[in-house]
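I opened this model to see how its strands connect. I kept notes as I went, one topic at a time.

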Amino acid sequence: MKHILGLALILVAQTASAQEADWRYKATVYGWLAGLSGSVETRFGTVEPDVSASDALESLDMAFMGAIAAQNGRWGLAADLLYADVSATQQTPFALFGDATVNQTLTALSGYVLYRLSRDPAFVLDAGVGFRSFNLDIDVGLSAGIAKAASESISRSWTDPVIAARLNVPINETWFVEGFADYGSGGSGNETWQISGSVGYQISEDWSAKVGYRTMNVGRKVDARDVSLDLSGALIALSYSF
């Protein structure tokens, strides 16, 4: 929450002085049809949820995704918020139970301070540092088989520092290519990373749209259980610059 408040205060302060400093802003809403794969260690054994990208909408119970960025000269700020509630049911690997249902609620807030390394407007390359804060709740339900039905809940919040790079290459006056990658680690084998690439179209001076592909990986011990999650799939986004 401190990270959210701090980033919000920075953006508000910069907005207030936008007339004095040449700050530009971009607000983005996007849809990410991400499939889910990974492994969740429970007291019964390891469950491996698997939702293909084609089944992502059916398995998605609720989601919100948005981003905001600010740029002044060679310095930039960026924030990305992802909330996803995904559930999947599969045959359990445990002989004593029937099906295994995994419900995952993930909130990931990423914030960055970026510095523009390139001077050529036809090749924009930024690099910087930041953080990603997670709130993860996982509910595993095992239907009755030989044994009675059972369940387990895993919950954890944490923040990892990250390093990041951002790329934008115009193809012509209306088309462009974008890329983004970051990596973070909390130590002891805990890590997170993401990478995305997209092709965009400049609809007007203020509006743009893009389509692409994004992958985010999370690996961590949660309540002494090993959790590894991979979210991958196509995305579509609409941005407004001001």
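**Entry 1: Hairpins**

I started where β8 meets β9: a hairpin joins the two through four residues. Helices and strands here are DSSP runs, numbered from the N terminus (H or I of at least four residues for a helix, E of at least two for a strand). β8 and β9 are paired antiparallel, over nine bridges. Two strands pair if DSSP finds at least two bridges between them. I looked up one bridge: Pro170 has Phe176 in β9 as its partner.

Next I stepped back to β7 and β8. They also form a hairpin, with five residues between them. Their pairing is antiparallel and runs over 19 bridges. On this ladder, Asn135 stands opposite Ser157 in β8.

A reminder to myself on strands: in a regular strand the side chains alternate between the two faces of the sheet.

**Entry 2: What I am looking at**

This is a predicted model, so I noted the limits: local features need pLDDT of at least 70, side-chain atom pairs count only at pLDDT 80 or more, and totals for chains, interfaces and linings use all residues. Residues are numbered from 1 along each chain as its sequence is written, and side-chain values use heavy atoms, with hydrogens and water left out.

I counted elements next. The chain has two helices and 12 strands. Along the sequence the order is α-β-β-β-α-β-β-β-β-β-β-β-β-β.

How much of the chain is buried? Of its 242 residues, 39% count as buried. The cut-offs are under 20% relative accessible area for buried, over 50% for exposed, and partly exposed in between (1.4 Å probe, protein chains only). The accessible surface comes to about 12,500 Å², and 60% of it belongs to carbon and sulfur atoms. Areas come from the Shrake-Rupley method with a 1.4 Å probe; for residues, only the protein chains shown count as cover.

I also checked contacts (heavy atoms within 4.5 Å). Among those between residues at least 6 apart in sequence, 61% join residues at least 24 apart.

**Entry 3: Salt bridges**

A salt bridge is a side-chain nitrogen of Lys or Arg within 4 Å of a carboxyl oxygen of Asp or Glu. By this rule I get seven salt bridges.

I went to Asp126. It forms a salt bridge with Arg116, the closest N and O atoms being 2.7 Å apart. The pair links distant parts of the chain: Asp126 is in strand β7 (residues 124–144), Arg116 is in strand β6 (residues 97–116), and they are 10 residues apart. Is Asp126 buried or exposed? Asp126 counts as buried, because its relative accessible area is 1%.

Asp126 has another salt bridge, to Arg166, with the closest N and O atoms 2.7 Å apart. Arg166 lies in strand β8 (residues 150–170) and Asp126 in β7, so this pair ties together parts that are 40 residues apart in sequence.

I then looked at Asp226 and Lys221. Their side chains meet in a salt bridge (2.9 Å, N to O). Asp226 is partly exposed, with a relative accessible area of 39%. Lys221 is partly exposed too, at 41%. Back to the earlier group: salt bridges that share partners join Arg116, Asp126 and Arg166 into one network.

**Entry 4: Ser232**

Ser232 sits in strand β12 (residues 225–241). Ser232 counts as buried because its relative accessibility is 13%. Which partners does its side chain have? One polar contact, of 3.1 Å, joins it to the side chain of Thr215. Another, of 2.7 Å, goes to the side chain of Asp230. A polar contact is a pair of N or O atoms within 3.5 Å; within protein, one must be able to donate a hydrogen and the other to accept it, and residues adjacent in sequence count only if both atoms are side-chain atoms.

**Entry 5: Gly31**

Gly31 lies in strand β1 (residues 24–42). At 29% relative accessibility, Gly31 is partly exposed. Leaving out residues up to four places away in sequence, Gly31 touches Met65, Ala234, Leu235 and Ile236. I also checked Gly31 against Leu238: they are 207 residues apart in sequence and 9.2 Å apart in space, C-alpha to C-alpha.
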